[in-house]
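Work through the exercises below with the structure open. Each task is followed by a solution in steps.

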Amino acid sequence: MTGATGSPGWTADEMMTIAAARSLVGRTACFVGIGLPSVAANLARRLHHPGLVLVYESGTIGAKPTTPPLSIGDGELAETADSVVSVPEIFNYWLQPGRIDVGFLSAAQIDRFGNINTTVVGPDYRRPKIRLPGAGGAPEIAASCREVFVVVRHGIRTFVDRVDFVTSLGYGDGPGHRERLGLRGRGPVLVITDLGILEPDPATRELTLTTVHPGVHVDAVLAATGWDLAVADGLRSTEPPTAKELSVLRELTASDGPRAARSTGEGGLNSQSKGDER
Amino acid sequence: MAELTSLAEAVEALIHDGDTVALEGFTHLIPVAAGQEIIRQGRRDLTLVRMTPDIIYDQMIGAGCASALVFSWGGNPGVGSLHRLRDAVEHDWPGPLRLEEHSHAGMANRYVAGAAGLPFAVLRGYVGTDLAKHTPTVAQVACPFTGEVLTAVAALNPDVAVVHAQRADRRGNVQLWGITGVQKEAVLAARRSLVTVEEVVDALDPRPGAVVLPAWVVSAVAVAPRGAHPSYAQGYYERDNGYYRDWDAISRDRTAFTGWLDRLMAAAGGPR
């Protein structure tokens with residue numbers, strides 16, 4: 001499920017992070033969730049896009065950390081930021097009006113319509129099988145950013161037909177749902193995993209496999225997805241990581257060993273896999 | 001007017017069994033020493049409020065201080081779950097814990113309404129999520145000017161707000177800077193407030209982006225050096241990431257946690 005790779009020279013996680021970093025080229029500002037999105041956003045700023053504005057929900061706008069932060073409020077974020085604002089301000093003045101291009105999120109569960117669950121696993125909210133960390137900033141990031149990118153490892157317990165709890169709305173029940181609710185942002189337009197990239201079908205809004213990473217067979221993606229995943233005509237293959245991408249990523253993550261490797265952030269897989277040990 | 005007092009006296013005077021208590025801090029300046037003093041004094045039946053309950057709330061929940069939690073994200077940042085919180089929710093240990101769950105934007109606006117003396121706040125939030133189904137303090141409201149349907153969240157007015165700041169002057173004026181989160185709103189929304197500080201100084205020279213809480217809106221100020229550890233106090237000490245990682249193993253196991261709690265209770269003056 002994780003760490004598997006069919007390719008020499010890099011891991012599946014590295015390919016995922018590099019693909020996610022590439023996706024930010026040309027964007028102005030990115031609202032960054034902690035964990036996988038944060039590593040990718042910092043890689044993008046280091047490698048492809050030095051002007052990318054990183055916005056963290058702790059109120060730091062334009063943070064330029066030298067290492068990916070462990071939390072969304074590390075001291076280096078404030079010290080390197082263009083501006084530090086209060087938490088009410090970051091949500092009310094900066095996120096809510098739709099000023100931010102990209103919301104960069106992770107998920108404990110994500111379903112065929114890109115709805116995200118970081119709240120509970122199991123059918124009973126009051127007596128969950130696994131209690132996850134909860135919503136954090138994600139519901140409004142998913143609603144108000146112009147577009148949402150999700151970075152999450154592929155796996156059958158993560159990619160489910162229907163999330164147990166809608167923490168952050170993707171395309172809801174399908175076409176037209178976001179529009180009926182009056183949401184302004186477009187929703188999840190890219191889901192980047194350790195196996196490939198999923199994008200919503202323009203008509204059905206179902207997440208569809210559009211790209212596989214080098215060395216990954218389509219069957220492996222289908223097997224790691226909990227619904228009958230559609231595969232796009234003209235399936236693409238991700239460009240392999242360049243030597244420079246790999247060296248910069250490794251430099252970034254080596255600066256605090258287990259930090260980047262272990263943290264999956266808000267409601268991340270960490271919580272779920274730990275929960276499953278019980 | 002803020003009274004300069006000891007932490008133990010301040011907790012004794014301001015925080016009572018059954019109170020709704022908000023210990024705020026957004027990664028930075030988390031009032032850990034105050035939370036551990038609340039544990040030491042054996043407070044019970046608290047409704048704990050916080051946007052980002054982290055390990056100090058895990059400790060308070062595991063110690064049996066809380067009967068309810070109002071929150072928007074409960075985790076050990078960058079590490080994983082809060083295992084004491086999960087044990088309470090999943091297995092009622094050490095007792096049942098009622099949850100009232102929000103998003104960050106919702107919680108922040110609830111404090112804003114509380115600070116402003118309004119009954120509710122308006123935002124674009126929660127739309128299409130399952131949160132509103134389970135949380136009675138979220139509702140819809142129509143704009144009186146345009147008719148647009150928006151989200152309302154009820155004001156939050158804790159009995160007590162507890163925050164940590166870099167410093168205060170001798171009159172009890174409080175100054176904090178760096179990431180200041182929702183602390184100003186929490187203090188202004190609460191009926192009583194306790195601020196722990198790294199140090200008391202003669203004069204508060206200006207700092208970029210600082211929040212100043214005038215002495216007359218604070219109930220008590222207590223000196224607690226390193227009182228935010230293992231979180232950090234900008235300009236004083238760094239975040240102790242190792243403590244957060246180590247807490248995972250301690251909190252995962254009831255016996256290991258109980259041993260930790262016994263040591264906390266036994267330590268005169270408290271652990272740092």
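The exercises cover confidence, a sheet, a helix pair and the contact between two chains.

**Exercise 1. Confidence**

Task: State what average pLDDT chain B has, and which scores the predictor gives the complex.

Solution. The model is predicted. Chain B has an average pLDDT of 96, and 98% of its residues score at least 70. For the complex, the predictor reports an ipTM of 0.95 and a pTM of 0.93.

**Exercise 2. The sheet in chain B**

Task: Give the strand order of the open sheet in chain B, name its edge strands, and find the helix that packs on the sheet.

Solution. Step 1: the order is S6-S8-S7 in chain B, and the pairing is antiparallel. Step 2: strand S6 (120-123) and strand S7 (138-142) of chain B are the edges, since each pairs on one side only. Step 3: from one strand to the next, the twist averages 40 degrees. Step 4: helix H5 (residues 104-116) of chain B packs on this sheet and touches S6, S7 and S8 of chain B. The direction of H5(B) makes about 140 degrees with that of S6(B). Step 5: look at the pairing of S7(B) with strand S8 (residues 149-154) of chain B, which is antiparallel over five bridges. In this pairing, B:Val138 stands opposite B:Val153 in S8(B).

**Exercise 3. Two packed helices**

Task: Classify the packing of helices H8 and H9 of chain B as roughly parallel, roughly antiparallel, roughly perpendicular or oblique.

Solution. Step 1: helix H8 (residues 241-252) and helix H9 (residues 254-266) of chain B pack at an angle of about 110 degrees, with their axes 5 Å apart. Step 2: angles of 65 to 115 degrees count as roughly perpendicular, so H8(B) is roughly perpendicular to H9(B). Step 3: H8(B) contributes B:Ala249, B:Ile250 and B:Ser251 to the contact, and H9(B) contributes B:Ala256, B:Phe257 and B:Trp260. Step 4: by class, these residues are five nonpolar, one polar and no charged.

**Exercise 4. The contact between the chains**

Task: Describe the side of chain B that touches chain A by its helices and by residue class.

Solution. Step 1: the contact takes 46 residues from chain B and 47 residues from chain A. Step 2: helix H4 (83-91), H5, helix H6 (131-134) and helix H7 (183-189) of chain B each supply at least two residues of the chain B side. Step 3: H5(B) gives the largest share of that side, five residues. Step 4: the chain B side has 16 nonpolar, 21 polar and nine charged residues. Step 5: link this to Exercise 2, where H5(B) also packs on the sheet.

Key
Residues numbered from 1 in each chain as written. Chains lettered and ligands numbered in written order. Predicted model: local features only at pLDDT ≥ 70, side-chain atom pairs only at ≥ 80, totals over all residues. Pairing = 2+ DSSP bridges. Helix = DSSP H or I, 4+ residues; strand = E, 2+ residues; numbered from the N terminus. Axes fitted to C-alpha atoms, helices over the stretch in contact; angles between N-to-C directions. Contact = placed C-beta atoms within 7 Å. Nonpolar A, V, L, I, M, F, W, Y, C, P; charged D, E, K, R; others polar. pLDDT = per-residue confidence, 0-100. Parallel < 35°, antiparallel > 145°, perpendicular 65-115°, else oblique.
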